[in-house]
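Welcome! Here are some short exercises to work through with the model on your screen. Try each task before reading its solution.

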Amino acid sequence: MKTTKVIFMGTPDFAVPILEGLIENYDVIGVVSQPDKRVGRHQELVNTPIKEVALKYQIPVFQPEKIKEEYDAILNLNPDIIVTCAYGQIIPKVVLDAPRLGCINVHASLLPKLRGGAPIHKAIIEGHTKTGITIMYMDVMMDSGDIISQSEIEIEDSDNLESLHDKLSIMGKELLLETMPSIINGTNSRTKQEESEVTFGFNIKREEEHIDFGKTTREVFNLIRGLSPVPGANAVLDGKEMKIYASIINDKKVDGKCGMITNIYKNGIGVCTKDGEIILTSVKPFGKKRMDALSYVNGVSKDALIGKVFE
């Protein structure tokens, strides 16, 4: 298998185990990643996680600003196959058509469900009970290509974005390595996606991070864990934004306006929802570090909190 020439295209942490698995088993002749970004107060230029792996193994890295216009370096390497995972740009047809074995993608959902850039977030936020990995042929339309293989995982109430991300990243590596031999020898299956079942998991917008306590407790719970730890769900208390990272569903009915702080418990802050109460257990007040909710309560007046309303 080491004779199979692979170009890998990806950018974030999620794709790192997948690239490392390919490097261990195939001849990765090039890596394509998004341009590096400036981060932090001092705006330091930071390598993408995938670029870091490529540099470690001394693999050539290409970082086009616009791959639709800058792809000659990829074609010149004449790869047998291109593997993509969370790359972040639409790949032009001339690139998709170039490798003799095609261009395949590792996608973190059970396609045709949740096409798009935030399938893990949306699977949790929308209350799905399962998700998984799909290996698929790339097409010019986003995540619309034929399915080669899939692997499924249950979404537990204990999962948040971070834990499910990490599980799916390893699953993606394992499924890809199971599937690659059949692609190389031409025995893989190929199933068209059922268009009537298509849903989308587009990138999270800023306004989607805000908690609406007028929704059910389960919906609020799912939003909080689907955005934890980054970017974090938020609500406004006393005119200041508070990030909320973890919560517990309380099934008991409470009296009060949705968003009202109704109780202070040993494990957190009780807030009224449409059908009950959510207990906030991990928060980040404006201008402060993340802390457990009781540490926050201990820093303010418990009695003053009761009756206040999150906006």
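**Exercise 1.** Is the crossing in which H1 passes H6 left-handed or right-handed?

*Solution.* Keep in mind that this is a predicted model. Start with the axes: those of helix H1 (residues 16–25) and H6 come within 8 Å and cross at roughly 35 degrees. Next, look at the direction of turn: H1 passes H6 in a right-handed crossing. Now find the residues that touch. On H1 they include Pro17, Ile18 and Leu22, and on H6 they include Ile170, Leu176 and Met180. Finally, sort the residues of this contact by type: 7 are nonpolar, 4 polar and 2 charged.

**Exercise 2.** Find Asp36 and decide: does Asp36 count as buried or exposed?

*Solution.* First, locate Asp36 in the loop between strand E2 (27–32) and strand E3 (37–39). Then apply the cut-off: buried means under 20% relative accessible area. Asp36 has 18% relative accessibility, so Asp36 counts as buried. Now look at its side chain. One polar contact, of 2.8 Å, joins it to the side chain of Lys51, and another polar contact, with the side chain of Gln63, is also listed at 2.8 Å.

**Exercise 3.** Which residues touch the most other members of the largest nonpolar core?

*Solution.* This core has 41 residues, and Phe8 and Ile104 touch the most other members. Helix H6 (residues 161–185) supplies the largest share of the core, 8 residues. Then move to Ile104: among its contacts beyond four places in sequence are Ile81, Val83, Leu176 and Met180.

Definitions and conventions: Residues numbered from 1 in each chain as written. Predicted model: local features only at pLDDT ≥ 70, side-chain atom pairs only at ≥ 80, totals over all residues. Heavy atoms only, no water. Helix = DSSP H or I, 4+ residues; strand = E, 2+ residues; numbered from the N terminus. Buried < 20%, exposed > 50% of the residue type's maximum accessible area, 1.4 Å probe, protein only. Polar contact = N/O pair within 3.5 Å; in protein donor to acceptor, adjacent residues only side chain to side chain. Core = buried A, V, L, I, M, F, W, Y, C linked by side-chain atoms within 4.5 Å. Contact = heavy atoms within 4.5 Å. Axes fitted to C-alpha atoms, helices over the stretch in contact; angles between N-to-C directions. Left-handed = near helix turned anticlockwise from the far one by under 90°. Nonpolar A, V, L, I, M, F, W, Y, C, P; charged D, E, K, R; others polar.
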